[in-house]
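Here are my notes on the model you sent, set out as numbered points. Please read them with the structure open beside you.

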Amino acid sequence: MLIGIPREARPGETRVAATPETVKKIAASGKHDIVVESGAGTASSIPDADYQAAGARIGNATETLGADLVLKVRAPTSDETGALKRGAVLIGLLDPYDASGVEALARSGVTGFALERLPRITRAQSMDVLSSQANIAGYKAVVLAADQYGRFMPMLMTAAGTVKAARVLVLGVGVAGLQAIATAKRLGAVIEASDVRPSVKDQVESLGGKWVDVPYETDEERQIAEGVGGYARPMPPAWMQRQGAIIADRCKLMDIVITTALIPGRPAPKLIKAETVAAMKPGAVIVDLAVEQGGNVEGSELGTIAVRNGVKIVGLANLPAMVAADASALYARNVLNFLALSLNVKSGDYALARDDEIVQATLVCDNGQAVSRP
Ligand code: NAD
């Protein structure tokens, strides 16, 4: 079987779907021909020669995209889609909520697996690209905030006087939020955090953060807040209003706010209103990790650092791509673990594991048709 690893074509995408470590494992049986596009790993600091040493050969875009099995990070662009082979298998972050993109992919005749759809079960944890990349995004969000903030993060006692520790608020405490708390803590900040899911309180406190509580007033609110399958659901307007008021109060005191709140397949919930930003301290920094899904913060702009009343709102996209080498290393291992459901890496035997619930959950198109889901 020909396995292709193209260079990612989307602007700013520095990651690559396989590394020499994973190529070596896939190549071990000697049964498969692995072709990596020249320069595919350059932005992740992986030279072509390292892929060759691991058992791949170097080819061009047409050859890698035309393979029997194509490993990608991002959904193919329309040009890339045109180069895919009918009947091939494609694995990557295929944007399953973009119906027209999935339709276009289906028309190309590939069998597509969108890793965003991995079920949150124990067996799928080693393949969970959303977690591996969110972890990186949470770390990078704090590093970016520290860079944009015109003061120290830790409390310092110097001969010239004492410097106060930065106060950091993290909104949305999933994988990215937890890593943001841990990273800000390591830098010496004083941390508060909040989430819609009540189960997160203990995790925040165990990382040394203070929990900001938004109380529930009805059983319905409490039930919705539990989420589904590890993900949050949209909260009723009354709860969102109460949350807005509590967050507005906390934001006035904060130096740095990191927002990470997401609801799969929906626009990100708006947690911070423009008037809340206007009431924050000049020099404060907000990093809106949800900016690609519409943003948690009014006034955040995709791809820029906007300044509103002296408050910087960082709306940069694709933070994992800014930590390219580690993001690729973790992503590539996730992909290999997913592939191992169908590929026996020792013997090289390959049979698409169509009966496996993980494989079924991620299937987005097959036989020229998009796979519809509730
Ligand atoms: P996510 O990226 O979808 O969302 C980020 C956070 O935003 C979540 O914690 C969510 O509750 C929160 N949020 C949504 N709406 C909000 C609102 N209005 N106000 C405040 N917060 C809001 O979530 P995620 O990081 O992918 O993961 C969520 C949970 O799933 C985590 O607790 C994680 O530990 C768990 N998880 C489990 C597995 C597994 O068991 N296999 C794998 C990965 C993650």
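1. In this predicted model, helix α1 passes α12 in a left-handed crossing. The two helices pack at an angle of about 20 degrees, and their axes lie 9 Å apart. Since angles under 35 degrees count as roughly parallel, α1 and α12 are therefore described as roughly parallel to each other.

2. On the α1 side of that packing, the contact is made by Glu 21, Thr 22, Lys 25 and Ile 26, while α12 contributes Ala 332, Arg 333, Leu 336 and Leu 339. By residue class, the contact of α1 with α12 divides into four nonpolar, one polar and three charged residues.

3. Glu 21, which is found in helix α1, deserves a separate remark. With a relative accessibility of 36%, Glu 21 counts as partly exposed, and it is also among the residues that α1 brings to the contact with α12. Glu 21 and Gln 241 are 220 residues apart in sequence, and their C-alpha atoms are 49 Å apart in space.

4. The second helix pair to examine is α6, residues 129-148, with α7, residues 175-186, whose axes come within 7 Å and cross at roughly 35 degrees. Here α6 passes α7 in a right-handed crossing. From α6, the residues Ser 131, Ala 134, Asn 135, Gly 138, Tyr 139 and Val 142 meet Val 175, Ala 176, Gln 179, Ala 180, Thr 183 and Ala 184 of α7. The residues of this contact divide into seven nonpolar, five polar and no charged.

5. Turning to the interior, the largest nonpolar core has 37 residues, and those with the most contacts inside it are Leu 71 and Ile 91. Two or more residues each are given to this core by the strands β1 (2-5), β2 (33-37), β4 (69-74) and β5 (89-93), and by the helices α1 (20-27), α2 (48-54), α12 (324-339) and α13 (357-362). The largest share, five residues, comes from α12, the helix that α1 passes in the left-handed crossing. A second, separate core of 28 residues includes Ala 137, Leu 144, Val 285 and Val 314.

6. Leaving aside residues up to four places away in sequence, Leu 71 touches Ile 3, Gly 4, Ile 5, Pro 6, Ala 17, Ile 26, Ile 91 and Val 335. Of these neighbours, Ile 26 is also one of the residues through which α1 meets α12.

7. Ile 91 is found in strand β5, and at a relative accessible area of 3% this residue is buried, given that buried means under 20%. With the same exclusion of residues up to four places away, Ile 91 touches Leu 69, Val 70, Leu 71, Lys 72, Phe 113, Leu 115, Val 335, Phe 338 and Leu 339. Ile 91 and Ala 351 are 260 residues apart along the chain, and their C-alpha atoms are separated by 15 Å.

8. A last residue to look at is Thr 81, which has its place in helix α4, residues 78-82. Thr 81 is buried, with a relative accessible area of 13%. Its contacts, again not counting residues up to four places away in sequence, are with Pro 76, Ala 104, Leu 105 and Ser 108.

Terms used: Residues are numbered from 1 along each chain as its sequence is written. This is a predicted model: local features need pLDDT of at least 70, side-chain atom pairs count only at pLDDT 80 or more; totals for chains, interfaces and linings use all residues. Side-chain values use heavy atoms; hydrogens and water are left out. A nonpolar core is a set of buried Ala, Val, Leu, Ile, Met, Phe, Trp, Tyr and Cys residues joined through side-chain atoms within 4.5 Å. Buried means under 20% relative accessible area, exposed over 50%, partly exposed in between (1.4 Å probe, protein chains only). Helices (H or I, at least four residues) and strands (E, at least two) are DSSP runs, numbered from the N terminus. Contact means heavy atoms within 4.5 Å. Axes are lines fitted to C-alpha atoms, for helices over the stretch in contact, and angles run from 0 to 180 degrees between N-to-C directions. Angles under 35 degrees count as roughly parallel, over 145 as roughly antiparallel, 65 to 115 as roughly perpendicular and the rest as oblique. A crossing is left-handed if the near helix is turned anticlockwise from the far one by less than a right angle, and right-handed if clockwise. Ala, Val, Leu, Ile, Met, Phe, Trp, Tyr, Cys and Pro count as nonpolar, Asp, Glu, Lys and Arg as charged, and the others, Gly among them, as polar.
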